[in-house]
Amino acid sequence: MRIVSKYYTCVFSLPLFLIPLFVGNSAERQRWVAIMTQGEPPSRPPPPAPFSFTPPDGSGLPRLMLNAADWQAAAESVLPRSVYDYYAAGADDRTTLAANPAALAAHRLRPRVLVPVGGTSPATTLLGSSLAAPIVIAPTAMQRMAHPEGEAAVARAAAAAGLPMTLSTMATTSLEGVAAAVPGGGGVRWFQLYVFRGPARATTEALVRRAEAAGYTALVLTADAPVYGNREADVRNGFSLPPGLRLANFMGDAPPQDEEGGAEQGADEEGGAAAAGGGGAIADMDASVAGGSGLAAFGDAMLDADLSTDCIAWLRTLTSLPILVKGVLRADDAAAAMAAGAAGVVVSNHGARQLDGAVTSVMALRGVVEAVKRPPPGGPPPGVVLVDGGFRRGTDVLKALALGADAVLLGRPVLWALAVGGQAGVAALLGSLIDETRRAMMLAGVPSWDRIPPGLVVLPDGRIADDAPVDASGW
Ligand code: GLV
(Lines give C-alpha, C1' and ligand atoms only; values in the text may rest on other atoms or scores of the structure.)
Protein backbone atom coordinates (compact mmCIF):
# COMPACT_ATOMS: atom_id res chain seq x y z
CA MET A 1 0.00 0.00 0.00
CA ARG A 2 3.02 2.33 0.26
CA ILE A 3 2.97 2.97 -3.46
CA VAL A 4 -0.73 3.83 -3.28
CA SER A 5 -0.33 6.49 -0.68
CA LYS A 6 2.79 7.81 -2.44
CA TYR A 7 0.89 8.29 -5.69
CA TYR A 8 -2.06 9.65 -3.81
CA THR A 9 -0.23 12.30 -1.88
CA CYS A 10 2.69 13.18 -4.16
CA VAL A 11 1.64 12.61 -7.71
CA PHE A 12 -2.02 12.83 -8.33
CA SER A 13 -3.32 14.44 -5.15
CA LEU A 14 -6.65 12.88 -6.08
CA PRO A 15 -8.97 10.64 -4.14
CA LEU A 16 -7.86 7.09 -4.79
CA PHE A 17 -11.04 5.91 -6.39
CA LEU A 18 -10.77 8.60 -9.11
CA ILE A 19 -7.32 7.59 -10.35
CA PRO A 20 -8.51 4.80 -12.70
CA LEU A 21 -10.77 7.29 -14.46
CA PHE A 22 -7.71 9.23 -15.57
CA VAL A 23 -5.86 6.22 -16.87
CA GLY A 24 -6.13 5.31 -20.60
CA ASN A 25 -7.54 2.03 -21.88
CA SER A 26 -9.34 -0.58 -19.87
CA ALA A 27 -6.33 -2.94 -19.60
CA GLU A 28 -4.31 -0.09 -18.15
CA ARG A 29 -7.18 0.77 -15.81
CA GLN A 30 -7.29 -2.80 -14.61
CA ARG A 31 -3.56 -2.70 -13.98
CA TRP A 32 -3.95 0.41 -11.85
CA VAL A 33 -6.82 -1.11 -9.95
CA ALA A 34 -4.62 -4.16 -9.32
CA ILE A 35 -1.73 -1.96 -8.22
CA MET A 36 -3.97 -0.04 -5.87
CA THR A 37 -5.46 -3.11 -4.34
CA GLN A 38 -2.49 -5.50 -4.39
CA GLY A 39 0.58 -3.34 -4.89
CA GLU A 40 3.00 -3.13 -7.84
CA PRO A 41 4.17 -6.53 -9.06
CA PRO A 42 7.89 -6.87 -8.28
CA SER A 43 9.51 -6.30 -11.67
CA ARG A 44 12.91 -5.71 -10.04
CA PRO A 45 14.59 -6.72 -6.82
CA PRO A 46 14.08 -4.23 -4.02
CA PRO A 47 17.05 -1.90 -3.54
CA PRO A 48 19.14 -2.69 -0.47
CA ALA A 49 18.17 -0.93 2.74
CA PRO A 50 20.50 2.05 3.24
CA PHE A 51 23.05 1.70 6.01
CA SER A 52 22.94 4.32 8.70
CA PHE A 53 26.04 5.48 10.54
CA THR A 54 26.35 7.82 13.49
CA PRO A 55 29.67 9.61 13.24
CA PRO A 56 31.70 10.17 16.40
CA ASP A 57 31.44 13.96 15.97
CA GLY A 58 29.20 14.51 18.95
CA SER A 59 26.23 15.52 16.81
CA GLY A 60 24.48 12.21 17.41
CA LEU A 61 22.92 12.54 13.98
CA PRO A 62 22.87 9.38 11.87
CA ARG A 63 23.95 9.60 8.26
CA LEU A 64 22.74 7.44 5.41
CA MET A 65 25.60 5.79 3.57
CA LEU A 66 24.63 5.97 -0.07
CA ASN A 67 27.85 6.00 -2.07
CA ALA A 68 31.60 5.46 -1.92
CA ALA A 69 32.27 9.06 -0.92
CA ASP A 70 29.92 8.70 2.08
CA TRP A 71 31.77 5.58 3.18
CA GLN A 72 35.15 7.22 2.76
CA ALA A 73 34.22 10.30 4.81
CA ALA A 74 32.82 8.10 7.57
CA ALA A 75 35.86 5.82 7.52
CA GLU A 76 38.16 8.80 7.89
CA SER A 77 36.32 9.69 11.09
CA VAL A 78 36.77 6.24 12.64
CA LEU A 79 40.16 4.94 11.43
CA PRO A 80 43.52 5.74 13.02
CA ARG A 81 45.34 8.32 10.90
CA SER A 82 48.13 6.04 9.68
CA VAL A 83 45.67 3.32 8.66
CA TYR A 84 43.42 5.75 6.80
CA ASP A 85 46.41 7.32 5.08
CA TYR A 86 47.80 3.93 4.06
CA TYR A 87 44.53 2.87 2.43
CA ALA A 88 43.99 6.28 0.82
CA ALA A 89 47.58 6.69 -0.35
CA GLY A 90 48.69 7.59 -3.83
CA ALA A 91 52.26 7.78 -5.07
CA ASP A 92 54.33 10.98 -5.15
CA ASP A 93 52.15 13.99 -6.01
CA ARG A 94 49.08 11.79 -6.51
CA THR A 95 48.44 13.10 -10.01
CA THR A 96 47.29 9.67 -11.14
CA LEU A 97 45.12 9.38 -8.03
CA ALA A 98 43.27 12.50 -9.12
CA ALA A 99 43.29 11.51 -12.80
CA ASN A 100 41.58 8.14 -12.35
CA PRO A 101 38.11 9.47 -11.42
CA ALA A 102 38.52 12.55 -13.61
CA ALA A 103 39.15 10.39 -16.69
CA LEU A 104 36.10 8.30 -15.91
CA ALA A 105 33.98 11.42 -15.56
CA ALA A 106 35.34 12.69 -18.89
CA HIS A 107 33.92 9.64 -20.66
CA ARG A 108 30.26 10.38 -21.37
CA LEU A 109 27.28 8.18 -22.10
CA ARG A 110 24.86 8.45 -25.05
CA PRO A 111 21.81 6.63 -23.70
CA ARG A 112 19.37 4.82 -25.97
CA VAL A 113 15.70 5.43 -25.17
CA LEU A 114 12.57 3.46 -25.92
CA VAL A 115 14.41 0.22 -25.36
CA PRO A 116 12.46 -2.26 -23.21
CA VAL A 117 14.50 -2.49 -20.03
CA GLY A 118 11.94 -3.76 -17.52
CA GLY A 119 13.76 -7.07 -17.13
CA THR A 120 17.28 -5.67 -16.99
CA SER A 121 19.82 -7.77 -15.14
CA PRO A 122 23.44 -6.86 -14.37
CA ALA A 123 24.31 -10.55 -13.92
CA THR A 124 27.19 -12.00 -15.89
CA THR A 125 29.56 -14.95 -16.02
CA LEU A 126 33.29 -14.72 -15.62
CA LEU A 127 35.87 -17.50 -15.74
CA GLY A 128 33.05 -20.00 -15.42
CA SER A 129 31.41 -18.40 -12.36
CA SER A 130 28.04 -16.66 -12.21
CA LEU A 131 28.20 -13.12 -10.80
CA ALA A 132 25.34 -10.89 -9.66
CA ALA A 133 27.09 -8.05 -11.49
CA PRO A 134 30.44 -7.54 -13.26
CA ILE A 135 32.11 -6.41 -10.05
CA VAL A 136 34.98 -8.19 -8.29
CA ILE A 137 36.46 -7.26 -4.92
CA ALA A 138 40.00 -6.03 -5.60
CA PRO A 139 42.90 -7.35 -3.54
CA THR A 140 43.60 -4.81 -0.81
CA ALA A 141 46.10 -5.51 1.93
CA MET A 142 45.76 -5.84 5.69
CA GLN A 143 42.01 -5.59 6.11
CA ARG A 144 42.05 -6.28 9.84
CA MET A 145 43.44 -2.78 10.27
CA ALA A 146 39.99 -1.61 9.17
CA HIS A 147 37.90 -3.98 11.25
CA PRO A 148 38.60 -6.91 13.60
CA GLU A 149 36.87 -9.34 11.23
CA GLY A 150 38.84 -8.00 8.27
CA GLU A 151 39.14 -10.31 5.29
CA ALA A 152 36.63 -12.80 6.73
CA ALA A 153 33.91 -10.13 6.83
CA VAL A 154 34.65 -9.07 3.26
CA ALA A 155 34.57 -12.69 2.07
CA ARG A 156 31.20 -13.29 3.70
CA ALA A 157 29.68 -10.08 2.32
CA ALA A 158 31.03 -10.78 -1.18
CA ALA A 159 29.71 -14.35 -1.17
CA ALA A 160 26.27 -13.17 0.00
CA ALA A 161 26.21 -10.52 -2.74
CA GLY A 162 27.19 -13.03 -5.43
CA LEU A 163 30.49 -11.31 -6.25
CA PRO A 164 34.03 -12.79 -6.25
CA MET A 165 36.55 -11.64 -3.69
CA THR A 166 40.26 -11.41 -4.47
CA LEU A 167 42.32 -12.03 -1.35
CA SER A 168 45.63 -10.20 -1.04
CA THR A 169 48.87 -12.04 -0.37
CA MET A 170 49.34 -9.30 2.23
CA ALA A 171 46.24 -10.31 4.15
CA THR A 172 45.91 -10.27 7.90
CA THR A 173 43.85 -13.48 7.76
CA SER A 174 45.33 -16.59 6.19
CA LEU A 175 43.93 -17.70 2.86
CA GLU A 176 42.65 -20.88 4.51
CA GLY A 177 41.01 -18.83 7.26
CA VAL A 178 39.20 -16.70 4.69
CA ALA A 179 37.95 -19.76 2.80
CA ALA A 180 36.71 -21.29 6.06
CA ALA A 181 34.99 -18.06 7.09
CA VAL A 182 32.25 -18.32 4.47
CA PRO A 183 29.37 -20.51 5.64
CA GLY A 184 29.13 -23.68 3.58
CA GLY A 185 32.27 -22.74 1.67
CA GLY A 186 30.12 -20.63 -0.70
CA GLY A 187 31.33 -17.73 -2.79
CA VAL A 188 34.01 -17.34 -5.42
CA ARG A 189 37.51 -16.47 -4.25
CA TRP A 190 40.59 -15.50 -6.23
CA PHE A 191 44.08 -15.10 -4.81
CA GLN A 192 46.41 -12.17 -5.53
CA LEU A 193 50.02 -13.20 -5.82
CA TYR A 194 53.32 -11.42 -5.46
CA VAL A 195 56.30 -13.30 -6.81
CA PHE A 196 59.10 -13.06 -4.25
CA ARG A 197 62.77 -13.25 -4.95
CA GLY A 198 65.62 -15.53 -3.93
CA PRO A 199 64.83 -18.10 -1.28
CA ALA A 200 61.43 -16.47 -0.75
CA ARG A 201 60.39 -17.77 -4.20
CA ALA A 202 59.52 -20.95 -2.27
CA THR A 203 56.96 -18.89 -0.33
CA THR A 204 55.29 -17.88 -3.59
CA GLU A 205 55.21 -21.49 -4.71
CA ALA A 206 53.68 -22.58 -1.40
CA LEU A 207 51.05 -19.84 -1.64
CA VAL A 208 50.02 -21.01 -5.11
CA ARG A 209 49.60 -24.58 -3.93
CA ARG A 210 47.77 -23.55 -0.78
CA ALA A 211 45.40 -21.27 -2.72
CA GLU A 212 44.53 -24.05 -5.15
CA ALA A 213 44.03 -26.53 -2.29
CA ALA A 214 41.77 -24.06 -0.45
CA GLY A 215 39.44 -23.69 -3.43
CA TYR A 216 40.54 -20.34 -4.88
CA THR A 217 39.61 -20.37 -8.56
CA ALA A 218 42.01 -17.84 -10.12
CA LEU A 219 45.40 -16.28 -9.46
CA VAL A 220 45.86 -12.55 -9.89
CA LEU A 221 49.55 -11.95 -10.48
CA THR A 222 50.64 -8.43 -9.55
CA ALA A 223 53.01 -7.29 -12.28
CA ASP A 224 53.40 -3.60 -11.48
CA ALA A 225 55.35 -3.85 -8.22
CA PRO A 226 59.06 -4.53 -8.72
CA VAL A 227 59.25 -2.11 -5.79
CA TYR A 228 56.51 -0.29 -3.95
CA GLY A 229 55.58 3.21 -5.05
CA ASN A 230 56.60 6.24 -3.05
CA ARG A 231 53.73 6.93 -0.66
CA GLU A 232 54.89 9.83 1.39
CA ALA A 233 52.08 9.73 3.93
CA ASP A 234 53.27 6.25 4.95
CA VAL A 235 56.83 7.51 5.36
CA ARG A 236 55.72 10.46 7.47
CA ASN A 237 53.48 8.22 9.59
CA GLY A 238 56.14 5.51 9.96
CA PHE A 239 53.44 3.15 8.75
CA SER A 240 53.51 -0.34 10.22
CA LEU A 241 51.02 -3.02 11.12
CA PRO A 242 49.23 -2.21 14.36
CA PRO A 243 50.25 -4.39 17.31
CA GLY A 244 48.66 -7.82 17.29
CA LEU A 245 48.26 -8.03 13.52
CA ARG A 246 50.55 -9.98 11.25
CA LEU A 247 50.77 -10.87 7.59
CA ALA A 248 48.93 -14.11 8.14
CA ASN A 249 49.89 -15.80 4.89
CA PHE A 250 53.59 -15.78 5.82
CA MET A 251 54.01 -16.22 9.48
CA GLY A 252 51.08 -18.28 10.61
CA ASP A 253 48.22 -16.74 12.48
CA ALA A 254 48.90 -16.64 16.16
CA PRO A 255 45.65 -17.01 18.10
CA PRO A 256 43.43 -15.13 18.62
CA GLN A 257 43.97 -13.60 15.20
CA ASP A 258 42.83 -16.51 13.12
CA GLU A 259 39.76 -17.77 14.84
CA GLU A 260 38.27 -18.63 11.46
CA GLY A 261 40.10 -21.92 11.26
CA GLY A 262 43.03 -20.99 9.04
CA ALA A 263 45.83 -23.51 8.95
CA GLU A 264 49.02 -22.69 10.76
CA GLN A 265 51.79 -22.24 8.27
CA GLY A 266 54.99 -24.15 8.30
CA ALA A 267 58.52 -23.09 8.85
CA ASP A 268 59.20 -22.81 5.15
CA GLU A 269 57.06 -19.71 4.85
CA GLU A 270 58.64 -18.12 7.87
CA GLY A 271 62.05 -19.18 6.62
CA GLY A 272 61.35 -17.57 3.27
CA ALA A 273 60.72 -14.20 4.84
CA ALA A 274 63.63 -14.53 7.21
CA ALA A 275 66.02 -15.63 4.51
CA ALA A 276 65.01 -12.67 2.41
CA GLY A 277 66.45 -10.43 5.02
CA GLY A 278 63.89 -9.39 7.58
CA GLY A 279 62.25 -12.27 9.40
CA GLY A 280 59.51 -11.50 11.84
CA ALA A 281 60.08 -7.76 11.94
CA ILE A 282 59.51 -7.52 8.20
CA ALA A 283 56.42 -9.67 8.20
CA ASP A 284 55.11 -7.66 11.13
CA MET A 285 55.64 -4.49 9.03
CA ASP A 286 57.89 -3.03 11.64
CA ALA A 287 58.61 0.48 10.43
CA SER A 288 61.47 0.83 12.89
CA VAL A 289 63.40 -1.59 10.66
CA ALA A 290 63.16 0.84 7.79
CA GLY A 291 62.84 4.14 9.60
CA GLY A 292 59.88 4.91 7.34
CA SER A 293 57.17 2.86 5.70
CA GLY A 294 57.05 -0.73 6.89
CA LEU A 295 55.45 -1.71 3.59
CA ALA A 296 58.33 -0.21 1.62
CA ALA A 297 60.74 -2.18 3.80
CA PHE A 298 58.78 -5.35 3.17
CA GLY A 299 58.84 -4.71 -0.56
CA ASP A 300 62.56 -3.99 -0.63
CA ALA A 301 63.24 -7.26 1.17
CA MET A 302 60.81 -9.50 -0.67
CA LEU A 303 59.63 -8.36 -4.11
CA ASP A 304 61.32 -9.77 -7.18
CA ALA A 305 62.39 -6.78 -9.26
CA ASP A 306 63.56 -8.99 -12.13
CA LEU A 307 60.27 -10.56 -13.13
CA SER A 308 59.56 -11.15 -16.79
CA THR A 309 56.76 -12.94 -18.62
CA ASP A 310 58.71 -16.14 -17.84
CA CYS A 311 57.08 -16.12 -14.44
CA ILE A 312 53.69 -16.75 -16.09
CA ALA A 313 55.05 -19.90 -17.69
CA TRP A 314 56.62 -20.85 -14.34
CA LEU A 315 53.29 -20.40 -12.53
CA ARG A 316 51.62 -22.57 -15.13
CA THR A 317 53.95 -25.41 -14.20
CA LEU A 318 52.63 -25.11 -10.61
CA THR A 319 48.91 -24.75 -11.15
CA SER A 320 46.05 -25.20 -13.55
CA LEU A 321 44.27 -22.13 -12.16
CA PRO A 322 43.70 -19.31 -14.65
CA ILE A 323 46.28 -16.54 -14.25
CA LEU A 324 45.22 -12.91 -14.59
CA VAL A 325 48.08 -10.43 -14.90
CA LYS A 326 47.31 -7.27 -12.95
CA GLY A 327 48.85 -3.88 -13.53
CA VAL A 328 48.83 -3.84 -17.34
CA LEU A 329 48.41 -0.44 -19.04
CA ARG A 330 49.68 -1.20 -22.54
CA ALA A 331 48.42 -3.36 -25.36
CA ASP A 332 51.91 -4.76 -26.05
CA ASP A 333 52.26 -5.89 -22.43
CA ALA A 334 48.80 -7.43 -22.58
CA ALA A 335 49.68 -9.31 -25.76
CA ALA A 336 52.93 -10.57 -24.20
CA ALA A 337 51.11 -11.76 -21.06
CA MET A 338 48.55 -13.61 -23.16
CA ALA A 339 51.25 -15.16 -25.34
CA ALA A 340 52.97 -16.38 -22.16
CA GLY A 341 49.82 -18.21 -21.07
CA ALA A 342 47.74 -15.73 -19.07
CA ALA A 343 43.97 -16.18 -19.09
CA GLY A 344 43.51 -12.43 -19.04
CA VAL A 345 44.70 -9.14 -17.62
CA VAL A 346 43.63 -6.49 -15.14
CA VAL A 347 44.07 -3.00 -16.57
CA SER A 348 45.28 -1.16 -13.51
CA ASN A 349 47.63 1.47 -12.18
CA HIS A 350 47.40 -0.15 -8.74
CA GLY A 351 44.98 2.44 -7.47
CA ALA A 352 47.55 5.13 -8.36
CA ARG A 353 49.84 3.77 -5.63
CA GLN A 354 52.80 2.83 -7.86
CA LEU A 355 53.98 5.03 -10.77
CA ASP A 356 52.68 8.55 -10.41
CA GLY A 357 51.94 10.00 -13.82
CA ALA A 358 50.84 6.63 -15.15
CA VAL A 359 47.92 6.76 -17.57
CA THR A 360 44.50 6.12 -16.19
CA SER A 361 43.08 2.64 -16.53
CA VAL A 362 40.05 3.80 -18.47
CA MET A 363 42.32 5.45 -21.05
CA ALA A 364 44.36 2.27 -21.41
CA LEU A 365 41.36 -0.03 -21.58
CA ARG A 366 40.46 -0.03 -25.26
CA GLY A 367 43.95 -0.85 -26.51
CA VAL A 368 44.26 -3.72 -24.04
CA VAL A 369 40.82 -5.05 -24.97
CA GLU A 370 41.88 -5.09 -28.61
CA ALA A 371 45.04 -7.04 -27.81
CA VAL A 372 43.40 -9.55 -25.47
CA LYS A 373 40.06 -10.12 -27.20
CA ARG A 374 41.21 -9.99 -30.81
CA PRO A 375 44.59 -11.73 -30.89
CA PRO A 376 46.36 -12.10 -34.23
CA PRO A 377 45.80 -15.25 -36.29
CA GLY A 378 47.75 -18.09 -34.75
CA GLY A 379 48.03 -16.17 -31.47
CA PRO A 380 46.74 -17.16 -28.04
CA PRO A 381 43.00 -17.61 -27.47
CA PRO A 382 41.06 -14.48 -26.47
CA GLY A 383 41.04 -13.79 -22.75
CA VAL A 384 39.27 -11.72 -20.16
CA VAL A 385 39.89 -8.06 -19.36
CA LEU A 386 39.20 -6.52 -15.99
CA VAL A 387 39.84 -2.95 -14.99
CA ASP A 388 40.22 -0.93 -11.79
CA GLY A 389 41.21 2.56 -10.72
CA GLY A 390 38.56 4.98 -9.50
CA PHE A 391 35.47 2.98 -10.50
CA ARG A 392 32.88 3.97 -7.89
CA ARG A 393 29.45 4.18 -9.54
CA GLY A 394 27.14 1.98 -11.52
CA THR A 395 27.73 4.35 -14.43
CA ASP A 396 31.47 3.63 -14.16
CA VAL A 397 30.78 -0.10 -14.40
CA LEU A 398 28.61 0.55 -17.45
CA LYS A 399 31.35 2.62 -19.12
CA ALA A 400 33.92 -0.10 -18.49
CA LEU A 401 31.76 -2.80 -20.01
CA ALA A 402 30.78 -0.62 -22.97
CA LEU A 403 34.51 -0.12 -23.62
CA GLY A 404 35.05 -3.88 -23.69
CA ALA A 405 35.92 -4.90 -20.12
CA ASP A 406 34.39 -8.04 -18.63
CA ALA A 407 34.26 -6.67 -15.08
CA VAL A 408 35.49 -3.96 -12.75
CA LEU A 409 37.55 -4.42 -9.60
CA LEU A 410 36.45 -2.47 -6.53
CA GLY A 411 39.17 -1.60 -4.01
CA ARG A 412 39.15 1.23 -1.48
CA PRO A 413 35.36 1.60 -1.09
CA VAL A 414 35.29 -1.92 0.34
CA LEU A 415 37.84 -0.89 2.98
CA TRP A 416 35.84 2.21 3.88
CA ALA A 417 32.62 0.24 4.26
CA LEU A 418 34.43 -2.45 6.24
CA ALA A 419 35.88 0.13 8.62
CA VAL A 420 32.50 1.73 9.26
CA GLY A 421 30.12 -1.19 9.21
CA GLY A 422 32.06 -4.46 9.16
CA GLN A 423 30.40 -7.19 7.14
CA ALA A 424 27.05 -5.34 7.13
CA GLY A 425 28.77 -2.24 5.78
CA VAL A 426 30.40 -4.14 2.93
CA ALA A 427 27.10 -5.87 2.19
CA ALA A 428 25.33 -2.50 2.00
CA LEU A 429 28.02 -1.05 -0.28
CA LEU A 430 27.93 -4.01 -2.65
CA GLY A 431 24.13 -4.12 -2.69
CA SER A 432 23.87 -0.46 -3.57
CA LEU A 433 26.52 -0.71 -6.28
CA ILE A 434 24.76 -3.67 -7.89
CA ASP A 435 21.52 -1.70 -7.74
CA GLU A 436 23.21 1.38 -9.23
CA THR A 437 24.64 -0.72 -12.04
CA ARG A 438 21.22 -2.04 -12.90
CA ARG A 439 19.72 1.44 -12.77
CA ALA A 440 22.51 2.81 -15.01
CA MET A 441 21.87 0.01 -17.53
CA MET A 442 18.14 0.77 -17.58
CA LEU A 443 18.68 4.50 -18.01
CA ALA A 444 21.16 3.90 -20.83
CA GLY A 445 19.01 1.36 -22.69
CA VAL A 446 21.11 -1.71 -21.86
CA PRO A 447 18.87 -4.65 -20.93
CA SER A 448 21.78 -7.06 -20.59
CA TRP A 449 25.52 -7.07 -21.15
CA ASP A 450 25.22 -8.72 -24.54
CA ARG A 451 22.91 -5.92 -25.74
CA ILE A 452 25.01 -2.80 -25.19
CA PRO A 453 23.97 -0.41 -27.96
CA PRO A 454 26.76 0.70 -30.30
CA GLY A 455 28.04 4.20 -29.71
CA LEU A 456 27.17 4.30 -26.02
CA VAL A 457 30.43 5.90 -24.84
CA VAL A 458 31.93 9.21 -25.95
CA LEU A 459 35.68 9.54 -25.38
CA PRO A 460 37.10 12.62 -23.64
CA ASP A 461 38.17 13.98 -27.05
CA GLY A 462 34.57 13.91 -28.27
CA ARG A 463 34.86 10.88 -30.55
CA ILE A 464 32.36 8.06 -30.18
CA ALA A 465 34.40 5.20 -28.79
CA ASP A 466 33.04 2.58 -31.19
CA ASP A 467 33.93 4.76 -34.18
CA ALA A 468 37.41 5.73 -33.01
CA PRO A 469 40.06 3.39 -34.38
CA VAL A 470 42.03 1.42 -31.89
CA ASP A 471 44.71 -1.11 -32.57
CA ALA A 472 46.86 -3.22 -30.38
CA SER A 473 49.75 -0.78 -30.60
CA GLY A 474 47.77 2.31 -29.67
CA TRP A 475 44.89 3.44 -27.52
C1 GLV B 1 49.81 -3.16 -1.62
O2 GLV B 1 49.71 -3.83 -2.60
C3 GLV B 1 49.68 -1.76 -1.65
O4 GLV B 1 49.51 -1.20 -2.75
O5 GLV B 1 49.76 -1.14 -0.58
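These legends go with a set of close-up views of one predicted model. Residue numbers count from 1 along each chain as its sequence is written. In this predicted model, local features need pLDDT of at least 70 and side-chain atom pairs count only at pLDDT 80 or more, while totals for chains, interfaces and linings use all residues, and side-chain values use heavy atoms, with hydrogens and water left out.

**View 1. Phenylalanine 51 pairs with tryptophan 71.** A word on the rule: rings of Phe, Tyr and Trp (its six-membered ring) pair if their centres lie within 6.5 Å, and planes under 30 degrees apart count as stacked, over 60 as edge-to-face and the rest as tilted. That gives 11 aromatic pairs. The one shown here is tilted, with 5.2 Å from centre to centre and 50° between the planes. Phenylalanine 51 belongs to strand S1 (residues 51-53) and tryptophan 71 to helix H3 (residues 68-78), so the pair ties together parts that are 20 residues apart in sequence. Helices (H or I, at least four residues) and strands (E, at least two) are DSSP runs, numbered from the N terminus. Both phenylalanine 51 and tryptophan 71 are buried; buried means under 20% relative accessible area, exposed over 50%, and partly exposed in between (1.4 Å probe, protein chains only).

**View 2. Phenylalanine 196 meets phenylalanine 298 edge-to-face.** The planes of these two rings are at 80° and their centres 6.0 Å apart, so the pair gets the edge-to-face label. Here 102 residues separate the partners: phenylalanine 196 is in the loop between strand S8 (189-193) and helix H8 (201-213), and phenylalanine 298 is in helix H14 (residues 294-302). Phenylalanine 196 has 0% relative accessibility and counts as buried, and phenylalanine 298, at 1%, counts as buried too.

**View 3. A ring cluster, plus two arginines sitting over rings.** Tyr84, Tyr86, Tyr87, Phe239 and Trp416 are linked by ring pairs into a cluster. Tyrosine 86 also has the charged end of arginine 353 over its ring, 4.7 Å from the centre. Another arginine, arginine 201, lies over the face of tryptophan 314, at 4.6 Å from the ring centre. For a charge to sit over a ring, NZ of Lys or CZ of Arg must be within 6 Å of the ring centre and within 35 degrees of the ring normal.

**View 4. The ligand and the residues around it.** Tyr86, Tyr194, Tyr228, Arg231, Leu295, His350 and Arg353 surround the ligand, each with a heavy atom within 4 Å of it. By class, that shell has four nonpolar, one polar and two charged residues. (Ala, Val, Leu, Ile, Met, Phe, Trp, Tyr, Cys and Pro count as nonpolar, Asp, Glu, Lys and Arg as charged, and the others, Gly among them, as polar.) Oxygen atoms of the ligand have polar side-chain atoms close at hand: tyrosine 86 at 2.5 Å, tyrosine 194 at 2.5 Å and arginine 231 at 2.6 Å. On its own the ligand has 190 Å² of accessible area, and the protein covers 90% of it (Shrake-Rupley method, 1.4 Å probe).

**View 5. Glutamine 354 reaches the backbone of glycine 229.** A polar atom of the glutamine 354 side chain lies 2.7 Å from the backbone nitrogen of glycine 229. The two residues are 125 apart in sequence, yet their C-alpha atoms are 4.0 Å apart in space. Glutamine 354 is in the loop between S11 and helix H17 (361-373), and at 11% relative accessibility it counts as buried.

**View 6. Two residues with positive phi.** Most residues other than glycine have a negative phi. Methionine 142, not a glycine, has a positive phi of about 55°. Its place is in the loop between strand S6 (135-137) and helix H6 (150-161), and at 0% relative accessibility it is buried. Histidine 350 has a positive phi of about 60°. Histidine 350 is in the loop between S11 and H17 and is buried, with a relative accessible area of 12%.

**View 7. Valine 346 in strand S11.** The strand covers residues 344-347. Valine 346 is buried, at 1% relative accessible area. Its C-alpha is 6.2 Å from that of valine 328, 18 residues away along the chain.

Notes: A polar contact is a pair of N or O atoms within 3.5 Å; within protein, one must be able to donate a hydrogen and the other to accept it, and residues adjacent in sequence count only if both atoms are side-chain atoms.
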